[in-house]
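The following note sets out points for a colleague to consider alongside the coordinates. Please read it with the model open.

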Amino acid sequence: MSSLFNEFSKTYERFQQQFPHHPLNAELRHRILRGRFPSNQWLRAQIKRMKEIMAPLWLSS
C-alpha cells in the first residue's frame, strides 16, 4: 500500500506542477482532506486518470 501511495503522491505532485488550475486538483485535494485513507482501487484509478491527462493517448506513439 505504501508504494502505491508513494506513486500516487509523485504523480499528483507532477500533475499539480503541469496543470495548477485543473479541476481535478481540487477534487483530489477535497477527497484526501476528508480524513479517510483512500483505497487501493481509488489510488490506482486516480493515478491512471492523472497520467492520461498528462500524456494523452494521441501524443503517445
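1. Helices (H or I, at least four residues) and strands (E, at least two) are DSSP runs, numbered from the N terminus. On that basis the chain holds 3 helices and 0 strands, and its elements follow the order α-α-α from the N terminus on.

2. This is a predicted model, in which local features need pLDDT of at least 70, side-chain atom pairs count only at pLDDT 80 or more, and totals for chains, interfaces and linings use all residues. Residues are numbered from 1 along each chain as its sequence is written, and side-chain values use heavy atoms, with hydrogens and water left out.

3. The C-alpha atoms occupy a box of roughly 35 × 25 × 15 Å along the principal axes. Of the 61 residues, 26% are buried (under 20% relative accessible area, 1.4 Å probe, protein chains only).

4. The largest nonpolar core (buried Ala, Val, Leu, Ile, Met, Phe, Trp, Tyr and Cys residues joined through side-chain atoms within 4.5 Å) has 11 residues: L4, F8, Y12, F15, L24, L28, W42, L43, I47, M50 and M54. Two or more residues each are given to this core by α1 (2-18), α2 (23-33) and α3 (40-54); the largest share, 5 residues, is that of α3.

5. L24, a member of this core, is in contact (heavy atoms within 4.5 Å) with F15, Q46, R49, M50 and I53, neighbours within four places in sequence being set aside. Across the chain, 68% of the contacts between residues at least 6 apart in sequence join residues at least 24 apart.

Key:
Buried means under 20% relative accessible area, exposed over 50%, partly exposed in between (1.4 Å probe, protein chains only).
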